[in-house]
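Q: I have a structure open here and would like to talk it through before going back to the bench. Could you walk me through it piece by piece?

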Amino acid sequence: MTASGAVWRNWGRTESVRPNRVERPGDAGAVQRAVLAAAASGRRIKPVGSGHSFSGIAVAPDIQLDLADLSGVIEADAATGRVTVGAGTPLHRLPRLLEPHGLAMANLGDIDRQTISGATSTGTHGTGIGFGGLATQIVGARLVTGVGELLTVSTTERPELLPAVRVGLGALGVITELTLQLVPRFVLHAVERTEPLDAVLDEWMPRVRAHDHFEFYWFPHTSTALTKTNTRLPGDAHRTPLGRTERWLSDELLANGVYRAMCALGRVAPAATPPLSRLVERFTGNREFSDLSPNVFTTNRSVRFREMEYAIPLAAVPEAFRAIRSLIAERGWRISFPIEVRAAASDENWLSTAHGRETGYIAVHRYVREDPTEYFAAVEEIMHSFEGRPHWGKMHTQTAETLRGRYPRFDDFLAVRDRLDPERRFANPYLDRVLGGREGRGDRAELREFDDAA
């Protein structure tokens with residue numbers, strides 16, 4: 001236990017708080033004691049990971065739990081591909097930890113600074129229509145509930161709770177460890193190309209279905225898209241990785257160093273943004289390489305930004321994207337950060353943004369020193385018209401009332417929350433907004449059987 005005094009800030013600098021107390025438990029028993037002590041004193045308690053959520057989902061005004069010491073591989077079975085890891089394990093540490101077992105995560109996002117429990121609890125995803133979000137890889141979890149019980153949930157033990165726990169928003173308990181279903185390590189053959197934007201939009205559906213992993217970026221004020229197509233190969237396939245110098249030039253010097261300067265200049269001289277974006281368009285090179293999957297999926301991002309991302313039906317992506325492009329042109333905005341478009345398979349997890357439907361994701365960003373409010377609000381309105389679901393860890397303005405209709409199992413999730421955290425020990429202002437408080441919620445349906453899940 002440590003007395004607080006420091007201000008906690010998230011990576012995107014959208015949230016900050018000075019916790020009344022910070023605790024750093026070293027095992028599940030210490031987490032239990034912390035939760036029981038909080039309950040005895042009538043205080044709220046909340047874990048924090050790497051702070052890479054842009055929303056207030058991890059804000060802990062009262063007692064903050066730092067789970068950094070709950071890290072590493074606890075148990076691994078290379079034969080079944082199942083590995084149990086501490087909840088505070090950062091994603092970027094997993095490749096080295098899994099190397100002795102010859103295993104890898106089936107899919108990853110493009111940032112690996114998050115902890116495994118933070119990434120899964122907020123519904124973080126990668127791209128690839130044959131692959132669900134990171135939480136779909138969870139086959140078991142241990143968590144401390146709001147009454148201090150250490151609960152095990154898995155495919156064989158309390159399986160009816162697994163679709164709620166996988167994307168639990170930190171509302172159901174403090175996760176202490178996760179068991180993941182992994183795959184043999186594999187190589188990705190990466191092809192990155194600049195292509196005409198309208199052609200990419202026209203070919204969105206066939207290209208998503210034709211490739212293992214497909215995504216694209218578009219810098220506003222340009223006419224081209226940067227496409228990224230990754231093809232899965234066996235782990236012993238021949239590799240042609242990027243050289244150290246080439247990677248440093250493209251991913252560090254240009255993507256971070258030069259781009260940071262461009263964003264700073266665009267902030268003080270907005271009129272410079274369109275020509276600077278077109279300059280990026282001209283000098284964005286095509287490249288092709290192959291490497292172990294984590295080295296291809298993830299990139300280093302050191303230029304701070306704010307982000308909002310919405311999940312919409314897969315086929316709606318081209319129309320929604322064109323609406324955003326028209327909006328930027330009509331408003332005369334100068335947007336320096338690209339728009340990112342990805343895809344994911346339908347899944348069964350109740351609060352997954354891909355629950356029950358094949359999903360396309362459109363993410364918009366603004367440089368950290370620019371106000372995103374007007375831009376994000378206008379894009380959010382477009383996303384509503386396509387039955388959009390906001391990423392739980394990114395900026396949005398939705399409430400429990402607006403979200404309930406987007407999630408068929410929303411009330412079932414709240415019923416599980418009533419059982420596992422009846423006193424709202426893990427609540428905070430963000431969860432009060434998106435899940436509702438205890439008052440004024442109306443009648444709640446009883447939790448249905450697992451095999452009746454939508």
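A: We can go through a sheet, two helices, a hairpin and a loop residue, keeping in mind that this is a predicted model.

Q: Let's start with the sheet; in what order do the eight strands come?
A: The eight strands form an open sheet in the order 17-14-16-15-19-20-18-21, and the pairing is antiparallel.

Q: Which strands stand at the edges?
A: Strand 17 (287–292) and strand 21 (389–390) do, and each has a single partner strand, so one side of each is left without a neighbour in the sheet.

Q: Is strand 17 enclosed or exposed, then?
A: Strand 17 is largely enclosed by the rest of the structure, because five of its six residues are buried. As for its pairing, six bridges join strand 17 to strand 14 (residues 186–196), with the two running antiparallel, and Val187 has Leu292 in strand 17 as its bridge partner.

Q: And how many bridges between strand 19 and strand 20?
A: Five bridges pair strand 19 (residues 339–344) with strand 20 (residues 359–367) in the antiparallel sense, and Gly360 in strand 20 is the bridge partner of Ala343.

Q: What lies across strand 19 and strand 20?
A: Helix 11 (residues 373–384) lies across both of them and also across strand 18 (305–313), to which it runs at about 10°.

Q: There's a loop between strand 19 and strand 20 with Asn349 in it. Buried or exposed?
A: Asn349 counts as buried, because its relative accessibility is 2%, and the cut-off for buried is under 20%.

Q: What does the Asn349 side chain join up with?
A: The side chain of Asn349 makes a polar contact of 2.9 Å with the side chain of Arg166. If its neighbours within four places in sequence are left aside, the residues in contact with Asn349 are Ala135, Thr136, Leu162, Pro163, Arg166, Val167 and His355.

Q: Switching to helix 1, which of its residues are buried?
A: The buried residues of helix 1 (residues 28–40) are Ala28, Ala30, Val31, Ala34, Val35 and Ala38. Seen down the helix axis, these buried residues fall within an arc of 160°, so they line one face of helix 1.

Q: What's on the other side, and what covers the buried residues?
A: Arg33 and Ala40 are exposed on the other side of helix 1, while the cover over its buried residues includes strand 4 (21–23), strand 5 (45–48), strand 6 (63–66), strand 10 (138–144), strand 11 (150–154) and strand 12 (174–181).

Q: How do the ends of helix 1 look?
A: At the N-terminal end, Asp27 acts as a cap, with a side-chain oxygen 3.2 Å from the backbone nitrogen of Gly29; after the helix comes Gly42, whose phi is positive, near 70°.

Q: What about helix 10, what should it span?
A: Helix 10 (residues 317–331) has 15 residues and should span 21 Å at 1.5 Å a residue, which agrees with the 21 Å between its end C-alpha atoms. Val317, Pro318, Ala320, Phe321, Ile324, Leu327 and Ile328 are buried in helix 10, and just after the helix Gly332 takes a positive phi of about 70°.

Q: Last one: which residue takes a positive phi in the hairpin of strand 7 and strand 8?
A: That is Gly81, with a phi near 80°, in a hairpin that has four residues between the strands. Strand 7 (residues 73–77) and strand 8 (residues 82–86) pair in the antiparallel sense over four bridges, and Val85 in strand 8 is the bridge partner of Val73.

Key. Residues are numbered from 1 along each chain as its sequence is written. Side-chain values use heavy atoms; hydrogens and water are left out. Two strands pair if DSSP finds at least two bridges between them. Contact means heavy atoms within 4.5 Å. Axes are lines fitted to C-alpha atoms, for helices over the stretch in contact, and angles run from 0 to 180 degrees between N-to-C directions. The expected span of a helix is 1.5 Å times one less than its number of residues. Buried means under 20% relative accessible area, exposed over 50%, partly exposed in between (1.4 Å probe, protein chains only). The arc is that of the directions from the helix axis to the C-beta atoms. A polar contact is a pair of N or O atoms within 3.5 Å; within protein, one must be able to donate a hydrogen and the other to accept it, and residues adjacent in sequence count only if both atoms are side-chain atoms.
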